[in-house]
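This report examines how parts of a protein model pack against one another. Please view the structure below before reading on.

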Amino acid sequence: MIKLNINGTEQTLDIDPEMPLLWALRDIVKLTGSKYGCGMGLCGACTVHIDGQAVRSCVTPVSTVTGRKITTIEGLSEQGDHPVQQAWQNLNVPQCGYCQSGQIMSASALIAQNQNPSDEDINNAMAGNICRCGTYPRIRAAIHQAAKLAREVK
Amino acid sequence: MDTLNKMDTQNKNIQNVSRRHFIKGLGIAGGSMVIGVQFSPLLAADTRSTADIFSPDVFVSIDKDGQVTIICHRSEMGQGIRSTLPLLVADELEADWKRVTVTQALGDPKYGSQNTDGSRSVRKNYQKLKEAGAIARTMLQQAAAKVWQVSADKVEIYNHNALLKGSKQTLDFSKLVEIAATLPIPDRTKLKLKTEKEQRYVGKENIKILDGEKIITGNTVFGFDVQLEGMKIAVIARPPVVFGKVKSFDDSETLKVPGVVKVIQLPDLNPPAAFNMLGGIAVIADNTWAAIKGREKLKIDWEHGQNASYDSVQHETVFKESVKNPSTVVRNRGDFKQAKAAAAKVITADYYVGGLTHAPMEPPAATAVVTDDGVEVWACTQTPQASVGSVMRTLNIAKEKADTVKVHVTLLGGGFGRKSKPDFVAEAAYLANQTQMPIKVLWTREDEVKHGYYHSPSYQVLTGTLDQQNNVTGWHHCMVNHPIGATFNPAAKTAGSADLGQADIMWDVPNMLIDLGDTDTYTRIGWVRSVTNINNAFAACSFADELAHAKAQDPKDFLLDFIGKDQHINYEKDNYQYGNYGEPLKTYPADTARLKNVIQLVAKKAGWGKKLPKGHGIGIAAHRSFCTYVATIVEVSFENGKVKLESVYNAVDCGKVLNPDRVRSQMEGAAIFATTLAYYGDITCKEGQVEQSNFHDYQMARINEIPEIHTYIVKSDLLPTGIGEPGVPPFAPALCNAIFNATGKRYRRLPLKQYNIV
C-alpha cells in the first residue's frame with residue numbers, strides 16, 4: 001500500500017511502488033490535469049509540486065513521495081485564482097492548453113522562490129517545459145505579471 | 001415543414017433509443033457511464049425546432065430559458081476555433097455571449113466538412129455561420145413582431161432582446177422561442193447580415209479563449225483524459241518498418257505483469273497505408289503503467305518486409321539523380337532554357353530539408369466502446385467524419401449503418417496534421433470490438449515519433465539567370481520528395497503538392513520553369529503544418545535572397561521588384577492549373593499588391609535598413625499560402641558561434657480578422673514551430689526504421705531560444721483566408737537570410753543543427 005498526500009488529502013493506493021506518480025494521479029486517483037508528454041522528464045507537461053518544488057511526475061516513482069506534500073494543478077488554488085493562473089487568463093496564454101498545467105506548475109514554483117524574476121531567471125526555470133503551440137513569449141510576459149500580482153498581494 | 005418536423009422527431013427517437021441500447025449493452029447505468037465527458041445533446045444538434053427548442057439551423061438552438069447553444073463543428077487544437085466560430089454566430093444572432101453554451105459537434109456530414117486542417121475553418125465557414133446566426137435573429141425578430149402585432153421592421157434585435165422601436169418595450173429571447181419555433185425558415189439569400197459596424201464581438205480585442213478557465217485549473221478533457229467506467233488502457237508494439245508483420249511473439253512475461261489483462265495481435269497492414277492500423281501487438285491493462293511495462297516485456301519476431309531497405313541519408317543520392325531528369329512540368333512561362341543559354345550569369349543552388357514529424361504535445365489517443373448497437377468513440381481527432389469512416393472500414397460496418405457510429409471530439413493537445421489521420425481511432429475501435437470492453441488506446445511519445453505520417457525530406461535545385469543589366473530573366477525550381485499520394489496509392493511517385501509554395505510563386509520573371517522529380521516511398525508520408533510550403537518556401541525565399549546578393553541589391557527592395565507590378569496572377573497563361581487551396585482565383589486571387597504590402601509593413605515595423613550592432617544580421621522573406629500573405633523579418637546575433645534569435649517581426653494579411661488575438665497567437669506559434677524545424681527537425685530512417693524516439697533526439701525549440709515575436713495585422717475587409725499555417729513557411733528562409741547577412745554564410749540545408757550553429 002502506498003500512502004500519498006495529494007492536494008491536502010491522504011490517499012492509500014494499492015499500486016506498484018515503481019509506478020510513476022503521473023500514472024497514479026491520472027489512472028488511479030483520476031486527476032487528469034497533469035499531462036503525459038514524454039515519460040522521460042524531457043517536456044515538463046507532467047510537472048507537479050513536491051513540498052513546493054517543481055518535479056516531473058512521469059519519472060517520479062510513487063514510493064519516493066510517500067509522506068510528502070504533492071500538489072497538482074487541480075490543487076494549486078481553490079478558486080483557480082493563483083497569481084499565475086490570473087496572469088495566464090489576463091494574457092490569453094494557452095493555445096491548445098495541453099502543456100499549460102505543467103507550465104503553470106513550473107511558473108508558480110518559480111515565483112514562490114523568486115518574487116521578481118528576470119527574463120533570464122524565467123528562461124532558466126521554464127526551459128524544461130516544452131510548448132509545441134508556441135506560447136513562450138506570452139508565458140514570459142505572464143510570469144512577470146504574476147510576480148507583480150503576487151508582490152501586490154503581500 | 002410539418003412533415004419535416006415529424007420525420008426528424010422520429011429520427012431523434014430512433015437515435016435516443018439506440019443511445020439507451022449503447023448504455024444498456026454495457027450493463028451500466030446511463031448517468032455514470034462517462035466521467036469527465038459530456039454527451040453532445042442530440043436535441044441541440046437537430047436541424048429543426050421542437051416544442052421546447054428553437055433550432056432553425058444545425059448550428060444554433062435556443063431553449064425556453066433563452067440559453068443559446070452554438071455548435072462548434074471544427075476541432076479545437078490551439079487555434080482558438082471554439083472561441084472564434086461560435087462568437088461569429090453569437091454576434092450575428094445578437095446573443096449575449098454570457099448566455100451562450102458552445103457544444104462540440106459529433107462527426108456528422110450534416111455540418112459540412114469537419115476536417116480541421118488546411119487553415120480553412122474560418123475561410124470555409126464564415127458565410128455559412130453568419131447566415132446561421134442571421135436566420136435565428138430574423139426569426140426572433142419576426143416572432144417579436146407577431147407578439148407586438150407590428151411589421152418586422154419595427155423590431156430591433158439587440159443583446160438577447162427584441163426592442164420595439166420608438167418604445168421602451170423589450171422581449172427577452174426566452175419569451176420568443178416558442179413562437180419563433182413555429183415560423184418558416186427564411187431564405188438564406190434574402191437575409192440581412194450585420195455590417196462590420198454593427199458587430200459587437202467579431203474583430204474585437206480581448207476575446208478570452210473559451211476553455212481558458214478550464215485549462216488553467218486542469219479541468220479540460222483531451223483525448224488522453226477520457227475516462228469510461230470499466231475502461232482498459234491499450235498500448236501497442238507496432239511494426240518498426242511500415243508494412244512489416246509479426247512472425248511470432250511470446251507474451252508470457254507480459255501476462256505476468258500485474259494489471260495486464262490481455263494481449264491481442266492486430267491484423268497486418270497491407271498497402272496502401274491510408275488511415276489504417278499499422279498492425280502489431282496490443283497490451284491491454286488496467287492502467288497505463290502496467291500496459292507500458294507489459295509491452296516492454298513482449299518478445300516479438302518481426303518480418304520487416306521490403307521497406308527495410310530504406311536509408312534516408314543514402315536516399316539523397318536517389319533524389320539528386322531524380323532532379324537531373326524531372327518527370328513532370330507543372331508550370332512553364334516563356335522559355336527558361338533559352339533564357340539560360342542567353343544569360344550573362346547563371347546561379348544554381350541545391351537545397352535540402354530533412355524529414356519532420358508533428359510532435360503534438362498530446363500524442364494520438366482514442367477511446368472506443370462497441371456494443372451490438374454500434375460504436376461510440378471519443379478521440380482527439382481533427383477529422384471526426386473520417387474517423388467514422390475509419391471505424392466502419394475496420395469493423396466492416398455497412399454504409400447504411402453509418403449512424404450507429406458516433407465520434408465525439410475531445411480537445412486536441414495540438415494537432416498540426418497528425419490527428420487528421422485516424423489510424424489511432426481504428427485501433428481503439430478494433431480492440432474495443434475484440435475485447436468487448438471500453439478501450440483507450442494511448443500512443444507514447446516514442447510511438448508518435450516512430451510511427452508518424454512524416455513530412456518528407458526533400459531535395460531541390462534552383463537556378464536563376466541574369467542578363468547583362470543584372471535583370472533576373474529566368475527562374476527554375478525543381479523539387480523531389482516522397483509524395484503524400486504514396487500513402488494512399490503506392491504507385492504514386494511524383495509530388496502532387498507543387499501548388500503549395502513551388503509553382504504558385506509570385507515572382508514577375510519572364511521565363512519560369514517549375515518541375516518535379518520522381519521517387520519511391522518507404523514510410524507513411526503525411527501533411528505537417530503548412531505541408532510542402534515548408535521546403536518550397538525555404539528554397540524559393542532563400543534563393544530570392546541569393547539573387548538579390550548576386551545583383552548587389554537590398555533584399556527587401558529586390559523582393560518588391562521581383563514581385564513586380566500590381567496584378568492578380570494569371571496562372572493559366574503559364575499552362576498551370578493552380579488549386580489555390582480549393583478557392584476560386586476570382587474571389588481569392590494571388591494579389592501581388594497584398595504581398596508587397598506585407599513586405600513594406602514588416603520592413604517599416606522592424607526598422608529595415610537600421611544600423612545593426614556588430615555581429616547581428618537581418619533577413620526577410622515573404623510568402624503567400626492558404627490564400628494568406630505573410631512577410632517575416634528575423635534579426636539574429638551570434639554568441640560563441642551559436643545563432644541567437646534577437647527578434648521576429650511578422651506582417652500578415654489574412655483578409656477580414658474575426659479574432660485578432662488568436663491571429664497573433666497563431667503567428668507567434670508558427671514562428672516557434674518553424675524555429676523547431678529550422679534548428680532541429682530531422683526524422684531519419686535506417687533499415688526502414690525511424691531513428692529518433694523522444695524529445696532528446698527529436699528536439700523542440702524551448703523558451704530560452706525564443707525572443708519577442710511582433711505581429712502586425714493588415715486591416716482588410718476582404719474575405720477571410722487562413723491563419724493556422726501561413727506563418728510557418730517564411731520563417732526559416734528569413735532566419736537563414738539573416739544568418740547570411742550576419743556571417744556571409746549561406747545555409748541551404750535544414751536543420752541547422754548539422755552545422756553546429758544552434
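In this predicted model, helix H3 (residues 81–93) of chain B packs against helix H4 (residues 121–148) of chain B at an angle of about 35°. The axes of H3(B) and H4(B) lie 7 Å apart, and the crossing of H3(B) past H4(B) is right-handed.

Both helices supply residues to this contact. From H3(B) come, among them, B:Ile81, B:Leu85, B:Leu88 and B:Val89. H4(B) contributes residues including B:Val122, B:Leu129, B:Ala132 and B:Ala136. Charged residues also take part: B:Asp91 and B:Glu92 belong to H3(B), whereas B:Lys130 and B:Arg137 belong to H4(B).

A second contact is found in chain A, which is divided into domain 1 (2–74) and domain 2 (83–153). The centres of these two domains of chain A, taken over C-alpha atoms, are separated by 21 Å. Domain 1 of chain A gives 15 residues to the contact, and domain 2 of chain A gives twelve residues.

Which elements give two or more residues to the side of domain 1 of chain A that touches domain 2 of chain A? They are strand E3 (47–50) and strand E4 (53–56) of chain A. The largest share, three residues, comes from E3(A).

The table sets out the residue classes.

| Set of residues | Nonpolar | Polar | Charged |
|---|---|---|---|
| Contact of H3(B) with H4(B) | eleven residues | four residues | four residues |
| Side of domain 1 of chain A that touches domain 2 of chain A | six residues | eight residues | one residue |

Note on methods:
Residues numbered from 1 in each chain as written. Chains lettered and ligands numbered in written order. Predicted model: local features only at pLDDT ≥ 70, side-chain atom pairs only at ≥ 80, totals over all residues. Domains from an automatic or database assignment. Contact = placed C-beta atoms within 7 Å. Helix = DSSP H or I, 4+ residues; strand = E, 2+ residues; numbered from the N terminus. Axes fitted to C-alpha atoms, helices over the stretch in contact; angles between N-to-C directions. Left-handed = near helix turned anticlockwise from the far one by under 90°.
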